Amino acid sequence: MGTLEEARLAREVGADGIGLLRTEFLYLGRPTLPGEEEQYHSYRAILELFGDRPVVLRTLDVGGDKRLPGLELPPERNPALGLRAIRLFLTRPEMFRPQLRAALRAGVGHNLKVMFPMVTTVAEVRAARAVLEECRAELQAEGYPTADVAIGIMVEVPSAALMADHLAEEVDFFSIGTNDLSQYVMAADRTHAAVAPLADALHPAVLRLIRDVIAAAHVRGKWVSLCGELAGDPAAIPILLGLGLDEFSMSPTAIPQAKGMIRSLTREEADQIARAALQQESAEAVRALIR
Ligand code: PEP
Ligand code: MG
């Protein structure tokens, strides 16, 4: 979800929640950053549409090649490997505090979850949680009620996928970001037309990491969502189901077909398809298998 209109559309086509609220929409196309009050009202409007259904708010994912007019950052030689998302958050917490405070206030009476993008290490998660808890204490001291939000991370950097056992101890849930995970696993810039096809999330290298992330989380009683484009891809749905994925997050238009597909499969069929997909040698072979 990127806007209130999209959130409305999602409800109309049967979304059971929002798996990825991309909060960048509030920050784009304006010369200054939005304040706490404005963010509070925007989040509240979206949460009200969804009642007690889950809404997963992702903290601002900018920096690197995602630029904002209201935010001056030095140019970078390797923006995809640079100061973005949680890395920027931890360098400039004052910029993110209004967002966390707005979220903690807006979530009261709703089913809000908060997640951090581009996590690479356990230390980052601990530091980000500490900032969130400081914001909560501050709000409480000021007399505001605060929501008891579940905390998650995006698993979209290979180190996070490989350290999923440790990271699962730190959070309530994972959301796998296959758009970035595939570009980092395949070492192929997702914005570079000549190499982007290499960053195919159906490549068995990516699927094997997804398998391991889900398994590591489940052993520790944590749930796993997937919010990259892969979750809405009809070729991927049987595989992801077979790998044990708990939640699928996709653009609203993909929901009806995805629901139909999930209903048409048995658990055994999905398990078999997933097992076979993991043994293929290429993304093309995985697609051929699904066909
Ligand atoms: C992802 O990386 O899969 C993701 C959902 O985040 P974004 O596309 O916004 O980087
Ligand atoms: Mg991403």
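Where does ligand 1 sit? In this predicted model, ligand 1 occupies the largest cavity, and a tour may begin by selecting it there.

Next, display the residues that surround the ligand. The elements giving two or more residues to this shell are β1 (18-22) and α8 (178-185). Of these, select α8 before moving on: the largest share of the shell, 3 residues, comes from this helix.

Now colour the chain by domain. Domain 1 (1-155) and domain 2 (158-291) each supply at least three residues to the shell around ligand 1.

A colouring by residue class may follow. The shell around ligand 1 consists of 3 nonpolar, 4 polar and 7 charged residues.

Then select R22, E156, G177, N179 and R190, which come nearest among the 14 residues around ligand 1.

Individual contacts can be inspected from here. At E156, a polar side-chain atom lies 2.9 Å from an oxygen atom of ligand 1. At G177, a polar backbone atom is 3.4 Å from an oxygen atom of the ligand. At D180, an N or O atom in the side chain is 2.9 Å from an oxygen atom of ligand 1.

Finally, show the surface of the protein around the ligand. Ligand 1 taken alone exposes 290 Å², and the protein buries 98% of that area.

Conventions
Residues are numbered from 1 along each chain as its sequence is written. Chains are lettered from A and ligands numbered from 1 in the order in which they are written. This is a predicted model: local features need pLDDT of at least 70, side-chain atom pairs count only at pLDDT 80 or more; totals for chains, interfaces and linings use all residues. Side-chain values use heavy atoms; hydrogens and water are left out. A residue is near a molecule or strand if one of its heavy atoms lies within 4 Å of it. A polar contact is a pair of N or O atoms within 3.5 Å; within protein, one must be able to donate a hydrogen and the other to accept it, and residues adjacent in sequence count only if both atoms are side-chain atoms. Accessible areas come from the Shrake-Rupley method with a 1.4 Å probe; for residues, only the protein chains shown count as cover. On a 1 Å grid over the protein atoms alone, a cavity is a set of points where a 1.4 Å probe fits but cannot get out, and a pocket is an open set with protein on both sides within 12 Å along at least five of seven lines; lining residues have an atom within 4 Å of a point. A molecule sits in a cavity or pocket if more than half of its atoms lie within 2 Å of its grid points. Helices (H or I, at least four residues) and strands (E, at least two) are DSSP runs, numbered from the N terminus. Ala, Val, Leu, Ile, Met, Phe, Trp, Tyr, Cys and Pro count as nonpolar, Asp, Glu, Lys and Arg as charged, and the others, Gly among them, as polar. Domain bounds come from an automatic or database domain assignment.
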